[in-house]
Amino acid sequence: PTSIVSRKTHGAAGDFDIDLTPPATGIECRSGGATNDYQMIINFAGSVTVGSAAVTSGTGSVGSFSGSGSSQITVNLTGVTNVQRITATLFDVNNGISTGNVPVSMGVLVGDVNGNAAVNASDVSLTKAQVGQAVSGSNFREDVTVNGSINSSDIALVQSQSGRTADLPSILQPQSQGDSRDLGPWVAERLDEDIWLGIQKIVDG
């Protein structure tokens with residue numbers, strides 16, 4: 001994929017995306033609502049077809065997916081629990097040349113507005129500082145209730161999550177996604193880097 005985001009609609013303020021594309025940390029800090037719903041948008045360089053989609057790691061499920069036959073695939077997740085890394089896999093992705101499976105991952109830590117895998121006083125302070133400000137591309141993470149305004153409800157939610165932390169290696173975004181054996185130029189460069197790092201670990205080990 002050329003880019004991966006987690007998208008939510010913040011009321012009348014519109015849609016805002018959290019970057020999940022490696023090497024971004026890829027931590028979703030916003031509430032999933034009553035049924036813990038999230039949406040992943042996966043963009044490819046060209047049109048692809050997708051056979052199916054399913055959660056392959058973490059807690060949650062794919063409610064639906066759409067976009068097969070285009071360059072943008074939308075995966076709607078539901079029942080996504082807090083404090084985890086969840087992976088959804090697109091199966092039988094075909095770009096007209098090759099076919100493979102594409103896993104996409106997202107960290108979930110509600111209230112972690114600064115994306116450092118911990119909810120603490122700094123997150124509360126950042127949210128308080130934006131109270132009353134219009135939701136924009138620079139502060140939408142502080143609208144954790146996703147209602148299009150930053151107010152006391154956002155402060156209360158962040159405060160209620162304070163003290164929650166996530167194991168950094170497991171929640172932070174891995175450096176590569178996909179399988180270069182099947183998808184070639186889409187992910188080969190990143191996977192080659194991971195292979196080199198693995199060789200270094202063996203030599204150093």
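Helices here are DSSP runs of H or I with at least four residues, and strands are runs of E with at least two, each numbered from the N terminus. The structure in these figures is a predicted model.

**Figure 1. The whole chain comprises 5 helices and 9 strands.** From the N terminus on, the order of elements is β-β-β-β-β-β-β-β-β-α-α-α-α-α. Of the 205 residues in the chain, 40% are buried. The accessible surface amounts to about 9,300 Å², and carbon and sulfur atoms contribute 52% of this surface. When contacts between residues at least 6 apart in sequence are considered, 61% of them join residues at least 24 apart.

**Figure 2. Close-up of helix α2, which spans residues 152-161.** The buried residues of this helix are D154, I155, V158 and Q161. Seen down the axis of α2, these buried residues fall within an arc of 130°, and therefore line one face of the helix. Their packing partner is α1, residues 121-129. Just after α2, G163 adopts a positive phi of about 100°.

**Figure 3. Close-up of Q161 and its surroundings in helix α2.** Q161 has a relative accessibility of 12% and counts as buried because the cut-off for burial is under 20%. With residues up to four places away in sequence left aside, Q161 touches N82, V110 and V119.

**Figure 4. Close-up of the salt bridge between R7 and D17.** The search of the whole structure finds 2 salt bridges, and the pair of R7 and D17 is one of them, with an N to O distance of 2.7 Å. This pair links distant parts of the chain, since R7 belongs to strand β1 (residues 3-9) and D17 to strand β2 (residues 15-19), 10 residues apart. R7 has a relative accessible area of 24% and is partly exposed. D17 also counts as partly exposed, at 30% relative accessibility. Side chains of opposite charge can pair when their charged atoms come close.

**Figure 5. Close-up of the salt bridge between E28 and R30.** The side chains of E28 and R30 meet at 2.8 Å, N to O. Are the two partners buried or exposed? E28 counts as buried because its relative accessibility is 0%. R30 is likewise buried, at 0% relative accessibility.

**Figure 6. Close-up of the hairpin formed by strands β6 and β7.** Strand β6 (residues 61-66) and strand β7 (residues 70-78) run antiparallel and are joined by 5 bridges. One of the bridge pairs is that of S61 with T78 in β7. The two strands have 3 residues between them. In the turn, G67 has a positive phi of about 105°.

**Figure 7. Confidence along the chain and close-up of residues 175-205.** The average pLDDT of the chain is 87, and 82% of the residues score at least 70. Over residues 175-205, by contrast, pLDDT stays under 50. For this segment the model has 41 contacts beyond four places in sequence. Where pLDDT is low, the predicted coordinates should not be read in detail.

Note on methods: Residues numbered from 1 in each chain as written. Predicted model: local features only at pLDDT ≥ 70, side-chain atom pairs only at ≥ 80, totals over all residues. Heavy atoms only, no water. Buried < 20%, exposed > 50% of the residue type's maximum accessible area, 1.4 Å probe, protein only. Arc of directions from axis to C-beta. Contact = heavy atoms within 4.5 Å. Areas by Shrake-Rupley, 256 points an atom, 1.4 Å probe, with all protein chains shown as cover. Salt bridge = Lys/Arg side-chain N within 4 Å of Asp/Glu carboxyl O. pLDDT = per-residue confidence, 0-100. Pairing = 2+ DSSP bridges.
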